[in-house]
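Below is a short report on one protein model. It follows a set of paired strands and then turns to the chain as a whole.

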Amino acid sequence: MAPAPRPVKAAVDGPGVASYRHAMSLAHGRPYLAIPGPSVLPDRVVQAMVRPAPNIYEGELVEITAGIVRDLSAVARTTARAAIYIANGHGMWEAALANVLAPGDRMLVPATGRFGHGWAEVARALGAEVELIDFGRRTALDANRVADALAADKEYRIKAVLAVCVDTATGIRNDVAALRSALDAAGHPALLMADCIASLGCDPFEMDGWGVDVTLAASQKGLMSPPGLGFLWVGERARAARDRLDGVGPYWDWRPRIDPQGFYQHFGGTAPTHHLFALRAALDMIAEEGLEAIWARHATLARAVWAAAETWGAEGPLRLNAPRGHRSHAVTALHLGAGDGERLRRWCAAEGGVTLGLGLGMEVPEDNFRIGHMGHLNAHMVLGALGVIEAGLAALEIPHRAGGVTAAARVCAGAESA
C-alpha cells in the first residue's frame, strides 16, 4: 500500500530548480525483510526453483535427496539421519511429540517466551501432562531449577524435556548442553528434545556433542529456503522410545522417513520438488562458506545490532530484551514502550522499505519490535536496516542517543566487540 500523501514541501536543488516531496516515500526500491523468518532468500536459491516440475519417481530428484539428508545432518552436527516433513515448525512440534508421547505422559518444559509455551500447548493437546517452568520473557532458563524438577520426579514420569534453543519472540538463547548435564547428574532417563527452528545455521549447535535426543528445525530461517519443510533428527534413545508406542499416525511416523523403503516414504507421499531444489542450493552455499564461518558471521552481525541498540538506549527508552550472554545471533527483540514499537515498525516499512518483526508474545506487543538477522545477510544489509531504524527514531521524535549506526559499523570493522 502506498504511503498517504503529505503536504507539498518545496526545496531548492540549484539555481531556479525546485524539487517537490508530494506523496514521496523513500521506500521505493528493493524492500528488505528484516523479520525473524521467513528470512531473505538468496538469488541462487530462488533461481534453483525456477524450472519445470521434475520426475518424482527416478533421476535427479532421487539423487539429490540422498545428499540433502546427509548434508542436513552435517548442519545439525549429528550422525542421526534427518526425517523430512512437508510442514512448518508447528508441525515439527507435533511430529516430535507424536513419536514419543503416550497419553498421560509428563513433559517438562522450561519456557523463556512464546514458543516454549506454544510447544507446551501442543503437548497438552496430544494428551500429555505438562510441567511448565516459566522463566518469563527476559530471563534464560536456569538448569538448576530444571535439575530440581528432575530430582523430584522419583518415578520417572517425565518422559522428555522440551527445550527451545532460541525463542524467536524474546531473542533469548538457552544453554541446551546444561540441560543434558542436569539430566545426567540426576540419572534421569527423560529424552532431551531441542527446538532449533530459529537457531540452526545461525547459533552454534552440536546435537551429538550436547547429548540431544531429538532436534527439530524448519527451512525458512538459517537454512535460507522457503517456508514449508520441517526436519527432525532422531537419536537412538528416541528411536527406542518410538518403538515402545502402540502406534503413530502414518503421516507423522518418523520411521519410514528415516529408513524409507521407497522414495515417496521420505515425504509421506509426493516429494516437495521445488522446495528440495531450493534446499539443495542453500545447503551448497552453507558448505561453501563453512558452518564455523557462518556462526562467526552471525555473531559479528548480531553484535553490531546490539551495539546500535545499546547506543540508542543510552538516552532513551529503548532496551534489549535478552540479557547479555543469552542473546540470539539470529534475532534481537527490543522494547520501546508507549506503542512506539509499532509506530517505528510502520515508519520503517512505509518510509524506508524495511520490514521489522512484530512484538510477538510480549505483554504489550505494540511496545516492542524485533530485528531478524539470520541466514543470507551481510554487513550492508544489517547496517542499512539499522540506518533506517535510526532515521525512524529521529523522524518520530522518540528519545535516543544518535550514533547507533556508527557503533554498529565499528563492530563490523572489527574495532569494537560490543
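Ala34 has Leu356 of strand β15 as its bridge partner. This is a predicted model. The pairing belongs to strand β3 (residues 32–34) and β15 (residues 354–358), which run parallel and are joined by 3 bridges.

From β15 the pairing continues to β16. These two strands run antiparallel, with 2 bridges between them. Here Leu358 stands opposite Phe369 of β16.

Strand β16 (residues 368–372) also pairs with β14, in the antiparallel sense and over 5 bridges. In this pair Ala333 faces Arg370 of β16. Strand β14 has a further antiparallel partner: β13 (residues 319–320), joined to β14 by 2 bridges. Arg319 has His335 of β14 as its bridge partner.

The table collects the pairings.

| Strand pair | Sense | Bridges | Facing residues |
|---|---|---|---|
| β3 and β15 | parallel | 3 bridges | Ala34 and Leu356 |
| β15 and β16 | antiparallel | 2 bridges | Leu358 and Phe369 |
| β14 and β16 | antiparallel | 5 bridges | Ala333 and Arg370 |
| β13 and β14 | antiparallel | 2 bridges | Arg319 and His335 |

Why is strand β14 described as largely enclosed by the rest of the structure? Buried means under 20% relative accessible area. In β14 (residues 331–335), 5 of the 5 residues are buried, so the strand is largely enclosed by the rest of the structure. The cover reaches both faces. Val331, Ala333 and His335 are buried on one side. Thr332 and Leu334 are buried on the other. Two of these residues have appeared above: Ala333 as the residue opposite Arg370, and His335 as the bridge partner of Arg319.

Now the whole chain. It has 13 helices and 16 strands. Its radius of gyration is 23 Å, close to the 22 Å that the globule rule gives for 418 residues, so the chain is as compact as a globular protein of that length. The C-alpha trace spans about 85 × 55 × 40 Å along its principal axes.

Of the 418 residues, 53% count as buried. Among contacts between residues at least 6 apart in sequence, 70% join residues at least 24 apart.

The accessible surface of the chain comes to about 17,500 Å². Carbon and sulfur atoms account for 55% of that area. The chain carries 39 positive and 44 negative charges, and the mean positions of the two sets lie 3 Å apart.

Notes: Residues are numbered from 1 along each chain as its sequence is written. This is a predicted model: local features need pLDDT of at least 70, side-chain atom pairs count only at pLDDT 80 or more; totals for chains, interfaces and linings use all residues. Side-chain values use heavy atoms; hydrogens and water are left out. Buried means under 20% relative accessible area, exposed over 50%, partly exposed in between (1.4 Å probe, protein chains only). Helices (H or I, at least four residues) and strands (E, at least two) are DSSP runs, numbered from the N terminus. Two strands pair if DSSP finds at least two bridges between them. The radius of gyration is taken over C-alpha atoms; the globule rule is 2.2 Å times the number of residues to the power 0.38. Contact means heavy atoms within 4.5 Å. Accessible areas come from the Shrake-Rupley method with a 1.4 Å probe; for residues, only the protein chains shown count as cover. Lys and Arg count as positive and Asp and Glu as negative; His and the chain ends are not counted. The place of a charge is taken as NZ of Lys, CZ of Arg, CG of Asp or CD of Glu.
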